Amino acid sequence: MATYAPSIPQVNAHHVEREARGWTSWITTTDHKRIGIMYMVLTFVFFCLGGVEALLIRLQLGSPDNTLVTPEIYNQLFTMHGTTMVFLFVVPMMAGLANYFLPLMIGARDMAFPRLNALSFWLLLAGGIVFYSSIFWNPPEAGWTSVVPLASSTYSPSGGEDAWIYLVHLTGLSSILGAINFYVTIANMRARGMSWGRLPLFVWTILTYSVLLIFALPVIAAAVTMLLTDRHFGTHFFDSTEGGSAILWQHLFWFFGHPEVYIMVLPGFGIISEILPVFARKPIFGYKAIAASTVAIAFLGFLTWAHHMFTAPVPEAILVFVMLSSYFIAVPTGVKILNWIATLWRGTIEYRTPLLFCAGAIAIFLIGGLSGVFLATFPIDWQVNETYFVVAHMHFVLLGGAVLPIFAAIYYWFPKITGRMMSEGLGKLSFALIFVGILTTFLIQHVMGLDGMPRRVYEYANVGHLGLYNAISTVGSFILGAGVLVTIVNAARSLKFGVVAGPDPWKANTLEWFTTSPPPVNNFDTVPRVRSAEPMKDIRREVERRSGARASAGGATVPAGATQVGV
Amino acid sequence: MGHLLSIPLAFFTPRSGGSPNANEIDSLFKVTLYIALVIFVAVEGGLIYALVRFRARKGAVAAQIRGNTRLEVGWTVSAAVILTGLAVLTFAKLSSIQNPPNSSAEGLTLAQGAREYASATRKLPPNGKSLNIQVIGRQYIWQFVYPGASEPDGLGAPYSYENMEVPTDTTVTLDIVSSDVVHSWWIPELGGKFQAVPGYHNYTWFKISKPGIYRGQCAVLCGRGHARMIATVTAVPPAQFEEWLATQKKEIAEANAEAQKARAKLNQQTGAGQVENP
């Protein structure tokens, strides 16, 4: 060190490979950033498809005894909606965000296995194509949970159910390969000095997400294989008339299905934990508690699956055990929420769009968390499960835990991906519409469920105020849809007309902001040694200290020189 | 206080009033709701307060706090304590939700059922006497089979579809099965829902004191007709129930006799054994 005088940290992008151009470069790419962009664009397209399906569902339910769609199409709509949002939007969208930002956040050049990474994406696309091509023949109609015997060849003879099975296989394989890739990348390719205690919290959640996927997905893969052989090759795993068990399916499905919830929301928690400190200008409150609660939730998530089966014929000992384990999981989840509020506490909060989406996410997720306590109490579950109460619950959990954080991530990282800021005005409008839309659509659904309206019915009689409640919910869903549309317009407009962002528009804490926006193919020439959980803060401080001493050495290449760009 | 609160919150509680188990679930729900409301107001209030009070202002400097172990341990333990309390409460309520009481004196006079037994999942009243009705789910109609088989193997029992007729003041235990896909038995005012799974038995009970019609419908997706798989429970005084059951039995016997004649006639026309007797 005596002879080496480190220069001011700056982005030097001299010796980078020429960026490949044209559509073939996208098909053949193994660059984690391009793969990440393809993931995000593709999954957002599926999000829009799933959203249109949701709006059709709400239109049908907008008035009692409606005849807009047939029962057959209605069942297909909610099956497609649920499956799309889980398998083709939330889970792969998190993979897309992680693909783009995980290597950047840990100061790596790429993922550990770039070609495997490309395979993950193309498998996802294949799964989506197989599934959506079924709309030209017979889409599946047994719900996203494909409960047997309804999903067996006797009661669902159409090929749609098989399309669903292959979707689970293809996207599942895509996710497992991606998860292994993330795990290996995090374990081996962190920048010098980035110990486990300095890992960005988003990376902690992706690590946990990967472990959950690696444990949970083989189970659903086995289950759908058994369903496939039951349907076509004469086995009887789930056929009670031949010695099989219909309950076995529910166990296998929910052993995957419940961890899947955490696979969807934990990365969302990670996004919130990254964004809040940036806009509160404060370090995250209780880094260790947040990282530890992520791991605790993941572990407990494997012990609670049978709370989806409280009304099934299962022994009472299981009911009691699962109620208690489900209660336990509320503790680390509650800890996270309180830590986030404490992060805001005594900060100087800047009301930018990513922060608004995060604050909204916490507010919405809390409602889903609290209604979860009702559902975990099995006698109460007997009344509210399989009704609109549970529909409201899961939408509050997933919108608050995954979808709103994804929108926060879009606004937060769009400048890094494209080099341009998104419009704050449109962003705030979009947030307001989405937030109001969620509350209008889903709060009233609790009451619909308590009044006795089961889920997955294509029509209902106008008893009590059910007609009014459903009309309110339908209006809300269109407000929500309008909010999403505003963000799409915003993104499209900002690609061309957005204000140039510079490397570090938010004065953020993590290493992805150390490179240019968009980053060069090799991401970084050098990455300085990481000395804390907020390396960019250290770098900015160092730059300020030195540029104070040598004012001429500053200039346009210094990240901290690109101060916040107002829009 | 609880009584005052229950009025505006009535629309935010499950339906009840038909049977004691539904009422007990309702009261457990209310206690949980009060606890949840307090947490909801405190946490959302804290969030909104922080967002408003600590917004960026000129001259404001963010406090660089990285955590507070005592505080964090404090709220972790408090959350655990609240949930432990809720678990204790649920266990205290559990027996009144799960265990059926004896029928009232005014109820149907029940013989000690020979085929009735209690098990871990199937609860019977303390005196072992209940009116046991088998609930069979099938696409897309509910069938109810009442005691009173005329043959030793259980055949010839009176049954009805869609509407279950029951006597008031009598403990009715249900044995829920399915003949095809998974269904779920649910009459909101008479307690929780229970899946009908092929190959399994599921059990619940209710005891109605007020005559009337209680409505519900299948609660697990069972196919295209799921929304129309409705069920009603009609509670009538015991004497009227016995009358109804006798009529039902007679009508079924008459219809069976008619059918047997029709089958015999068909066999005569098409050749013996072409149409089988069930």
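How many residues of chain B are in contact with chain A, and how many of chain A with chain B? The legends below begin with that contact, in a model that is predicted.

**Figure 1. The contact between chain B and chain A.** Here 69 residues of chain B meet 67 residues of chain A. Four elements of chain B, α2 (20–53), α3 (69–98), β7 (194–196) and β9, each supply at least two residues of the side that touches chain A. The most come from α2(B), which gives 13 residues. Sorted by class, this side of chain B has 41 nonpolar, 19 polar and 9 charged residues.

**Figure 2. An open sheet in chain B.** The sheet is built from 3 strands in the order β4-β10-β9. Its pairing is mixed. At the edges are β4 (163–167) and β9 (212–217) of chain B, each pairing on one side only. From one strand to the next, the twist averages 20 degrees. Strands of a sheet pair through backbone hydrogen bonds, either parallel or antiparallel.

**Figure 3. Pairing of β9(B) with β10(B).** Strand β10 of chain B covers residues 230–236. It runs antiparallel to β9(B), and 6 bridges join the two. B:R215 has B:T232 as its bridge partner in β10(B). For B:G216, the partner in β10(B) is B:A231.

**Figure 4. Pairing of β4(B) with β10(B).** These strands run parallel. They are joined by 5 bridges. B:M164 finds its bridge partner in β10(B) at B:V233.

**Figure 5. The two faces of β10(B).** Side chains alternate along this strand. B:A231, B:V233 and B:A235 point to one face and are buried. B:I230, B:T232, B:T234 and B:V236 point to the other face and are not buried. Two residues from the pairing views return here: B:V233, the partner of B:M164, and B:T232, the partner of B:R215. B:V233 belongs to the buried set, whereas B:T232 does not.

**Figure 6. A helix across the sheet.** Helix α4 of chain B spans residues 238–270. It lies across β4 and β10 of chain B. Relative to β4(B), the helix runs at about 135 degrees.

**Figure 7. The two domains of chain B.** Domain 1 takes in 2–54 + 74–98, and domain 2 takes in 131–269. Their C-alpha centres lie 36 Å apart. The contact between them takes 10 residues from domain 1 of chain B and 9 residues from domain 2 of chain B. On the domain 1 side, the classes are 4 nonpolar, 5 polar and 1 charged residues.

**Figure 8. The largest nonpolar core.** This core has 238 residues. Those with the most contacts inside it are A:V90, A:V203, A:I275, A:C358, A:I362 and A:A408. Helix α12 (residues 388–418) of chain A gives the largest share, 22 residues. Domain 1 and domain 2 of chain B both give residues to this core, so it lies between them. In soluble globular proteins, nonpolar side chains tend to be buried together.

**Figure 9. Around A:V90, and another core.** Leaving aside residues up to four places away in sequence, A:V90 touches A:M85, A:M264, A:L398 and A:A402. Apart from the largest core lies another, of 9 residues. Among them are A:A54, A:Y74, A:L77 and A:F78.

Technical notes
Residues numbered from 1 in each chain as written. Chains lettered and ligands numbered in written order. Predicted model: local features only at pLDDT ≥ 70, side-chain atom pairs only at ≥ 80, totals over all residues. Pairing = 2+ DSSP bridges. Axes fitted to C-alpha atoms, helices over the stretch in contact; angles between N-to-C directions. Contact = placed C-beta atoms within 7 Å. Nonpolar A, V, L, I, M, F, W, Y, C, P; charged D, E, K, R; others polar. Buried ≥ 20, exposed ≤ 12 C-beta atoms within 10 Å, placed from the backbone. Domains from an automatic or database assignment. Core = buried A, V, L, I, M, F, W, Y, C linked by C-beta atoms within 7 Å.
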